[in-house]
Amino acid sequence: MQSALHIKSKVLPGNKLEIDVPDGAVGDSVDVFVILPQKTEPKQVSVMDILKELPGKRLFQTPEEADKYLQEERDSWER
């Protein structure tokens, strides 16, 4: 029967690995499998999605609504 070992190691400088094989002999041929951890890509989230999730409501839904409000405020100053 073929034996197998599960050995955890860290990547060393120069992207090298050092593995100690407890039952190995100098000159033995071995197969090595390296399983890299999955790296998750950061999820891209739009600013609008973030604003939609905030508590409360946005005062203006469009830039035009904001411009209209500001103009009405400015007009009220002149009275």
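"How exposed is isoleucine 7, in terms of relative accessibility? Before I answer, let me say that what we are looking at is a predicted model, and everything that follows should be heard with that in mind.

The answer is that isoleucine 7 counts as partly exposed, because its relative accessibility is 40%, and that value falls between the 20% under which a residue is called buried and the 50% over which a residue is called exposed.

As for its place in the chain, isoleucine 7 sits in the segment that comes before α1, the helix spanning 47–53. If we set aside residues up to four places away in sequence, isoleucine 7 is in contact with Ile19 and Asp20. Glutamate 41, by contrast in topic, is 34 residues away from isoleucine 7 along the chain, and the C-alpha atoms of these two residues are 27 Å apart.

Isoleucine 7 also belongs to a nonpolar patch on the surface, whose members are Leu5, Ile7, Val11, Leu17, Ile19, Val21, Val30, Val32, Val34 and Leu36. Taken together, these residues have about 920 Å² of accessible area. Ile19, then, appears both as a contact of isoleucine 7 and as a member of this nonpolar patch.

Let me turn now to a patch of charge. Glu72, Glu73, Asp75 and Glu78 make up a negative patch on the surface. One of its members, glutamate 78, is located in the segment that follows α2, the helix running over 63–77. Glutamate 78 counts as exposed, because its relative accessibility is 68%, and the cut-off for that class is over 50%."

Methods: Residues are numbered from 1 along each chain as its sequence is written. This is a predicted model: local features need pLDDT of at least 70, side-chain atom pairs count only at pLDDT 80 or more; totals for chains, interfaces and linings use all residues. Side-chain values use heavy atoms; hydrogens and water are left out. Patches are made of residues with over 30% relative accessible area and no salt bridge: like charges are joined within 9 Å, nonpolar side chains (Val, Leu, Ile, Met, Phe, Trp, Tyr) within 5 Å. Accessible areas come from the Shrake-Rupley method with a 1.4 Å probe; for residues, only the protein chains shown count as cover. A salt bridge is a side-chain nitrogen of Lys or Arg within 4 Å of a carboxyl oxygen of Asp or Glu. Lys and Arg count as positive and Asp and Glu as negative; His and the chain ends are not counted. The place of a charge is taken as NZ of Lys, CZ of Arg, CG of Asp or CD of Glu. Helices (H or I, at least four residues) and strands (E, at least two) are DSSP runs, numbered from the N terminus. Buried means under 20% relative accessible area, exposed over 50%, partly exposed in between (1.4 Å probe, protein chains only). Contact means heavy atoms within 4.5 Å.
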